[in-house]
Amino acid sequence: MAANDYRGYLRNHMDMEHGGSRFQQPTQSAHKPLIFGTLAVMGLLQVASSVTILLHLTGYLREVDLPSAQPIEEVHSEPIIADAFRDIKKKERSRKKDQTPVAHLPVKTPMDFASTDSKVVTTIHWNQFHGTLTKVKYHDGRFVMEEQGLYYVYAKTCFRYAPDHASKKQDVSNVQLIQYIFHESHTQSKLKPVLLSKSGGTFNWSDPNYNMYCVQQGRSVRLGQSDGLFVNVSNSWLLDPEPEGTYFGVFKMST
Ligand SMILES: *[C@@H]1O[C@H](CO)[C@@H](O)[C@H](O)[C@H]1NC(C)=O
Ligand SMILES: *[C@@H]1O[C@H](CO)[C@@H](O)[C@H](O)[C@H]1NC(C)=O
């Protein structure tokens, strides 16, 4: 009886090893559970190994490396993991405390600047989900400081126009491309932002293929807590939507 079973087992086993065809013949639908099962197991293994590496890197599994180490009892593993995570959180918190305030955001796309009136200025909105925001908040086109101090603020805006590819031809024989950086002091009236810096130029863009111009400005400025910074530009409909072309940043230099 047992011998028969064993032979049966061997046969099956060898079928599995040598008879690849056994597994090629079933229909697609028969494969699916197998594939999903395999993927699930692989996924679990991945998670397990990631956790192991994490614990290892944080030094919690050092004892396992000892040659004489006995298998860690299941009972111990939970407190160890909890301790590890508590420790990581604590480290993160203390790291956050002595982090330098810094922010860098690319322009938010798609841009919705309908006006092509060259006299209109627009506040640029930035993509807060692609970039850095550490101890600086973002709200409605503005950086809002969490800490007072001496900061360096910079902004770059590129403008471009390809007349031959434009859906609607515009007159660009006399365009003003100006960038303004404003400081909104928390203690002052919101209606009176202070102009920190302006730069740009006027152009007669006569190249039918492609015209491009970039403005970059930067300067130091003393900012108070909850102060805001924002960038206005003329002719925002010409803004380059690429994150390398148009961005805004600030970082703290000292107290
Ligand atoms: C900046 O642009 C906005 C339009 O988006 C405008 O309402 C505001 O008055 C401008 N600010 C300054 C100081 O020019
Ligand atoms: C712009 O340049 C074009 C071609 O060089 C010229 O014909 C036109 O008069 C210029 N426009 C202005 C406003 O200077």
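**View 1. Contacts of Phe143 in the predicted model.** Setting aside neighbours within four places in sequence, Phe143 contacts Ala103, Leu105, Leu133, Val136, Lys137 and Tyr138. Its other contacts on this count are Asp227, Gly228, Leu229, Phe248, Gly249 and Val250. Across the strand pairing, Phe143 stands opposite Leu229 in S10.

**View 2. The largest nonpolar core.** This core holds 30 residues. Phe143, Leu229 and Val250 touch the most other members. Strands S1 (102-106), S4 (136-139), S5 (142-145) and S6 (149-161) each give two or more residues to the core. So do S7 (175-184), S9 (211-223), S10 (228-234) and S11 (247-254). S6 supplies the largest share, five residues. In soluble globular proteins, nonpolar side chains tend to be buried together.

**View 3. Strand S10 and its two faces.** S10 is mostly covered, with seven of its seven residues buried. Gly228, Phe230, Asn232 and Ser234 point one way. Leu229, Val231 and Val233 point the other way. In a regular strand the side chains alternate between the two faces of the sheet.

**View 4. Strands paired with S10, including S2, S5 and S7.** S7 and S10 run antiparallel and are joined by six bridges. Within this pair, Ile181 has Val231 as its bridge partner. S2 (residues 121-123) is also antiparallel to S10, with three bridges. Here Val121 partners Ser234. S5 pairs with S10 over two bridges, again in the antiparallel sense.

Conventions: Residues are numbered from 1 along each chain as its sequence is written. Chains are lettered from A and ligands numbered from 1 in the order in which they are written. This is a predicted model: local features need pLDDT of at least 70, side-chain atom pairs count only at pLDDT 80 or more; totals for chains, interfaces and linings use all residues. Side-chain values use heavy atoms; hydrogens and water are left out. A nonpolar core is a set of buried Ala, Val, Leu, Ile, Met, Phe, Trp, Tyr and Cys residues joined through side-chain atoms within 4.5 Å. Buried means under 20% relative accessible area, exposed over 50%, partly exposed in between (1.4 Å probe, protein chains only). Helices (H or I, at least four residues) and strands (E, at least two) are DSSP runs, numbered from the N terminus. Contact means heavy atoms within 4.5 Å. Two strands pair if DSSP finds at least two bridges between them.
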